[in-house]
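Hi everyone, thanks for coming. I'd like to spend a couple of minutes on the ligand site today, so let's bring the structure up.

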Amino acid sequence: MTFVTHLECSATGDRFDADAVHNLSPTGKPLLVRYDLDRMKRELDRDALAQQPPGLWRYAEMLPVADPRHRVTLGEVETPLLPLHRTGARLKADRLWTKDEGRLPTGSFKARGMALAVSMAKRFGLTRLAIPTNGNAGAAMAAYGRAAGMEVYVFCPEETPDVNVREIALQGARVWRVNGQIDQCGAIVREGKERMGWFDVSTLKEPYRIEGKKTMGLELAEQLGWTLPDAILYPTGGGTGLIGMWKAFDELEALGWIGPKRPKMIAVQATGCAPIVRAFDEGVEHATRWENAATVASGIRVPQAVGDFLILRAVRNSGGFAIAVDDGAIMAAQADAARDDGVLLGPEGAATLAAWRVAVDDGRLDRRAHTILFNCGTPLKYPMPPVNRALKLDAIDWEDVESA
Ligand SMILES: *Cc1c(COP(=O)(O)O)cnc(C)c1O
């Protein structure tokens with residue numbers, strides 16, 4: 001049983017049958033899952049959740065997978081909220097936290113989206129999935145797809161780090177490097193769809209990854225005792241997580257589980273690829289493609305997002321903003337949080353810390369605000385700064401060790 005009533009075009013509001021397979025709406029926009037929230041409100045009790053095991057399937061009744069046998073799981077955990085005490089104290093802030101999504105299977109929050117997308121693919125009997133990816137989405141789709149016994153095809157931009165491509169291949173997907181950006185890899189999936197019999201699992205091009213990402217918002221609200229923070233900084237590529245959390249908050253309010261208060265939603269990008277920031281600053285509803293995109297934070301190297309208007313709408317309605325930081329600030333923020341608080345952020349997560357610093361400095365954010373930085377993936381898949389110190393076993397220079 002589910003509470004799903006229909007799918008809705010995010011641009012026109014047109015309704016579509018939730019019992020059929022869909023990609024984008026006929027107008028080329030993302031489809032959103034809609035629920036009978038009145039009935040859900042009567043039948044679900046937030047306190048009963050306490051009986052459920054931790055992880056995203058504890059929210060199964062607020063999700064579209066009706067039959068538990070269709071659930072594909074690799075052991076999704078509840079991701080921890082970690083304090084950044086010393087990092088925050090440098091700017092006299094004492095309520096700065098990170099939600100560490102790097103603890104999820106395959107090391108990123110892409111697992112949330114793929115758990116739902118692949119479960120729904122299983123429910124619809126789909127067996128061949130294809131995706132463009134900067135690494136983490138492909139890794140998660142390979143893992144969940146193979147867990148469900150499906151065939152997985154993955155297309156990565158040429159500059160995708162080796163570790164991602166190898167991880168994807170090792171997890172049983174067919175993977176290619178492509179001499180282009182992620183949107184150009186997406187075009188290959190679109191082109192090959194018919195001939196190859198692929199189901200396109202690109203960001204926001206099927207309705208269910210966003211429902212998986214929605215669980216980030218549900219989980220955060222529950223972790224905070226059914227309250228929300230003052231600000232959320234989100235490393236924004238395709239924006240699924242930001243849109244998904246915003247949807248979660250609306251649904252929770254409709255259930256009466258939280259009040260009307262919303263966090264400022266802050267979309268963080270890199271100065272080398274900031275189409276959403278540019279559109280936000282220009283006050284427009286759609287973003288134009290960012291040419292020559294380049295940043296160390298590959299998870300947010302997305303020149304063009306199909307859900308651009310949904311990201312911008314959530315950011316504006318929340319009273320938030322969009323902000324870009326350069327790679328130097330990203331790497332400095334990563335080093336600071338790791339050294340000062342023992343929290344190793346990925347470059348995307350570090351971008352949110354760098355952005356927070358800028359926004360506190362220029363007064364856009366209150367340093368006393370309860371603030372959550374999203375660390376969306378483990379940094380352990382990225383190259384780290386080199387280390388040159390070495391010892392010779394037969395000639396240890398203790399002065400050198402002491403003064404290190
Ligand atoms: C995919 C990804 C992002 C961006 O997520 P979207 O929801 O697509 O904006 C950020 N960080 C990491 C580590 C990612 O893998």
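Which pocket does the ligand take up? The space it fills is the largest pocket. Please keep in mind that this is a predicted model.

So who are the neighbours? The ligand is surrounded by 17 residues, and the closest are Lys110, Asn136, Tyr234, Gly237 and Gly239. Sorted by class, that shell holds nine polar, five nonpolar and three charged residues. Two elements each supply two or more residues to the shell, namely strand β10 (231-235) and helix α8 (240-254).

Now zoom out to the domains. Domain 1 (36-71 + 108-200) and domain 2 (81-104 + 210-381) both contribute to the shell, so the ligand lies between them.

Let's look at some polar contacts with ligand oxygen atoms. At Gly239, a backbone N or O atom sits 2.6 Å from one. Asn136 uses its side chain, with an N or O atom 2.8 Å from a ligand oxygen. For Lys213, a polar side-chain atom is 3.2 Å from an oxygen of the ligand. As for cover, the ligand on its own has 380 Å² of accessible area, and the protein covers 97% of that.

Technical notes. Residues are numbered from 1 along each chain as its sequence is written. This is a predicted model: local features need pLDDT of at least 70, side-chain atom pairs count only at pLDDT 80 or more; totals for chains, interfaces and linings use all residues. Side-chain values use heavy atoms; hydrogens and water are left out. A residue is near a molecule or strand if one of its heavy atoms lies within 4 Å of it. A polar contact is a pair of N or O atoms within 3.5 Å; within protein, one must be able to donate a hydrogen and the other to accept it, and residues adjacent in sequence count only if both atoms are side-chain atoms. Accessible areas come from the Shrake-Rupley method with a 1.4 Å probe; for residues, only the protein chains shown count as cover. On a 1 Å grid over the protein atoms alone, a cavity is a set of points where a 1.4 Å probe fits but cannot get out, and a pocket is an open set with protein on both sides within 12 Å along at least five of seven lines; lining residues have an atom within 4 Å of a point. A molecule sits in a cavity or pocket if more than half of its atoms lie within 2 Å of its grid points. Helices (H or I, at least four residues) and strands (E, at least two) are DSSP runs, numbered from the N terminus. Ala, Val, Leu, Ile, Met, Phe, Trp, Tyr, Cys and Pro count as nonpolar, Asp, Glu, Lys and Arg as charged, and the others, Gly among them, as polar. Domain bounds come from an automatic or database domain assignment.
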